[in-house]
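Visitor: I would like to learn how to read a model of this kind. Where should one begin?

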Amino acid sequence: MQYWLFKTEPDVFGIDDLARAPDQTARWDEIRNYQARNFLRDEVRVGDQVFIYHSSCKQVGIAGVAEVVRGAYPDPSQFEPSHALFDVKAAPGSPRWFCVDIRLRECFSQVIPLRQIKATAALADMTLVRQGRLSVQPVSAAQWQLVLKLR
DNA sequence: GCCAACGTTGGC
DNA sequence: GCCAACGTTGGC
């Protein structure tokens, strides 16, 4: 079992939307970055635990925990011509982009601020701190436990 | 809204 | 394969 951090813009789809979804389960889709895609497609497994991170919003930080309940499958949005992220180079037989399904496990009472994570010396090696712009990123077991202590 | 950092595209 | 130009991310 591995740990991950998934980013989202809560104005588009945040942890509250996940909480309201049927069975508190939703497709994690619209990833259009190769590094993130490779993690989703090749390494994210059913049962893996995921931090839900809110970006580009008032309260930037980690909002809660979810669990992967379905492994990688082709992201349907790439095949829909009307979709903003339609990919003309993708075909059902040769998908380029993948998604997974996740279910909410815990919504933190308060978002753990990015500021606080950056201020925690033991978390200085988190990908979140080192590489700001990756939307699917691995989290070590030690980092996972440390972040949970900041709740 | 600014802008740094990073990713992608495309000519050569 | 290089690299300039351009686009996107995302904190502040």
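**A buried aspartate and two DNA strands**

Guide: Aspartate 75 is buried, at a relative accessible area of 0%; buried means under 20%, exposed over 50% and partly exposed in between, with a 1.4 Å probe and protein chains only. This is a predicted model, in which local features need pLDDT of at least 70, side-chain atom pairs count only at pLDDT 80 or more, and totals for chains, interfaces and linings use all residues. Residues are numbered from 1 along each chain as written, chains are lettered from A and ligands numbered from 1 in the order written, and side-chain values use heavy atoms, without hydrogens and water.

Visitor: Which residues is aspartate 75 in contact with, leaving aside neighbours within four places in sequence?

Guide: Contact means heavy atoms within 4.5 Å. For aspartate 75 the list is Asp29, Glu30, Ile31, Arg32, Trp97, Phe98 and Cys99.

Visitor: Which residues surround DNA strand B?

Guide: A residue is near a strand if one of its heavy atoms lies within 4 Å of it. Around DNA strand B these are Tyr34, Gln35, Gln131 and Arg133. Of the strand B atoms within 4 Å of the protein, 62% belong to sugar or phosphate and the rest to bases.

Visitor: How is DNA strand C placed by the same reading?

Guide: DNA strand C has Lys7, Tyr53 and Lys118 among the residues around it. A phosphate oxygen of DNA strand C is 2.9 Å from a side-chain N or O atom of lysine 7, and one is 2.5 Å from such an atom of tyrosine 53. For DNA strand C, 71% of the atoms within 4 Å of the protein belong to sugar or phosphate.

Methods: A polar contact is a pair of N or O atoms within 3.5 Å; within protein, one must be able to donate a hydrogen and the other to accept it, and residues adjacent in sequence count only if both atoms are side-chain atoms.
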